[in-house]
Amino acid sequence: MSIKRHRGTQVIHAGLPKAEQGKPFNNGPAFASTYHLSGPADSAEHQYGRFSNPTWQALEQGLSELEGGETVIFPSGMAAAAAIMSSLVVAGETIVLPSDGYFAIRAYAHEFLEPNGINLKLVRTKDLLAFDYTNVRLVLVESPSNPLLDVVDIKALSAKVHSAGGLIAIDNTTLTVLGQRPLELGADLSMSADTKALNGHSDVVFGHVSAATSMLIERVRLWRKLAGNIPGPMETWLVHRGLATLDVRLERMVSNAQKVAEMLANHPAVKSVRYPGLPSDASYAIAKEQMDHFGFIISFDLGSIQAADRFLQAASLVFEATSFGGVHTIAERRARWGTDNVPEGLVRLSVGCERIVDLLDAFETALAT
Ligand SMILES: Cc1ncc(COP(=O)(O)O)c(C=O)c1O
């Protein structure tokens, strides 16, 4: 009898080798550029390091089980996004991207797809459901979006895009597969920058794409093989190791984030707060229905560059850095990059695994400055 286990349990076991007497729980990284291969070129499981690797296979098997669709891993989240856009859309076709999502994804499309005849349309996350998808080949959106945390109804959007004959991919980076399963909600592809919470230790850049059909994932896999955009075995092994603790890390991060968001929402120095777990937030209703947790990212506006910088300098325990999803709490004034259309005083905060008592103390002290 097969038992459907909780996904929080699955992450600990996903992709591990079959238990065998005297064998390790987890195989180490397989460092190989080539493999013994005599006779016909396809007579061995592994032939050449750009085509496949046993360490990739283990992680891909684990992620496929969790995502509910076959998975291909990449050396970064951007490589995963580029693989989707470059392998599934050709000249004359149209891609829709969020105008308020992670900026490098629209920058890639602008720099490398538009000049080759692919049309690009940018739509705000909150306007996605009202958009007309006639003649759109691919929609690649984030939910919740980074950095403003707007949430789109993935089921409804998938139905709308499909009825117009297009494909929909969801960037699931801000929640991970333990927060939302885009393929189950109707998307054709799910992708993630595993650099963030999935690896979780701020020491690896990584990504993956999962797809609902073998036709789609084979195009993505072929793009990886021919573009040579492959992950290293060491990074792959580290991400697999990080995956095992994803559930326990998220449990702490999400519960911390809820408490920090509530504190920020009631603080007179804070102009506004975005966190999908606040009942007053514009994303709350759909987030509650669609997501398994509210995430660990909070965006809040301190009203000015000076106030945000003062806060970041005064907040002990908080590393000022870009990125999110690690065990350490980090924050940055997002407008410093000049790439996002956000208020100058907006701080994007990624809440880590520290004890809540210390976090609240650090934030209250810093806000008092
Ligand atoms: C939502 C989202 N998608 C994709 C990426 C790109 O990931 P990477 O930096 O691993 O290439 C990021 C990076 O911040 C991101 O926030």
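This section describes the largest pocket, the ligand surroundings and the cavities of a predicted model. In this predicted model, local features need pLDDT of at least 70 and side-chain atom pairs count only at pLDDT 80 or more, whereas totals for chains, interfaces and linings use all residues. Residues are numbered from 1 along each chain as its sequence is written, and side-chain values use heavy atoms, with hydrogens and water left out.

The largest pocket (an open set of points on a 1 Å grid over the protein atoms alone, with protein on both sides within 12 Å along at least five of seven lines) has a volume of about 370 Å³, volume being the space filled by probe spheres set on the points, which are joined across faces, edges and corners. Its lining, made up of residues with an atom within 4 Å of a point, comprises 23 residues, of which Met78, Tyr102, Asn146, Ala193 and Lys196 lie nearest the centre. Two or more lining residues come from each of helix 3 (77-88), helix 4 (103-113) and strand 6 (189-193), and helix 3 gives the most, with three residues; helices (H or I, at least four residues) and strands (E, at least two) are DSSP runs numbered from the N terminus. Because domain 1 (7-243) and domain 2 (247-368) both give residues to this lining, the largest pocket lies between them, the domain bounds coming from an automatic or database domain assignment.

Around the ligand there are 14 residues, of which Gly77, Met78, Asp171, Thr195 and Lys196 come nearest, a residue being counted if one of its heavy atoms lies within 4 Å. Among the polar contacts (pairs of N or O atoms within 3.5 Å), a backbone N or O atom of Met78 lies 2.8 Å from an oxygen atom of the ligand, and a polar side-chain atom of Lys196 lies 2.9 Å from a ligand oxygen atom. A side-chain N or O atom of Asp171 is 2.6 Å from a nitrogen atom of the ligand.

The structure also holds two cavities of 30 Å³ or more, a cavity being a set of points where a 1.4 Å probe fits but cannot get out. The largest cavity, with a volume of about 60 Å³, has Tyr102 and Asp171 among its lining residues, and strand 4 (138-142) contributes the largest share of that lining, three residues. The second largest cavity has a volume of about 30 Å³, and residues including Pro144, Leu175, Pro276 and Phe296 line it. Since domain 1 (7-243) and domain 2 (247-368) both give residues to its lining, the second largest cavity lies between them.

How values were computed. Polar contact = N/O pair within 3.5 Å; in protein donor to acceptor, adjacent residues only side chain to side chain.
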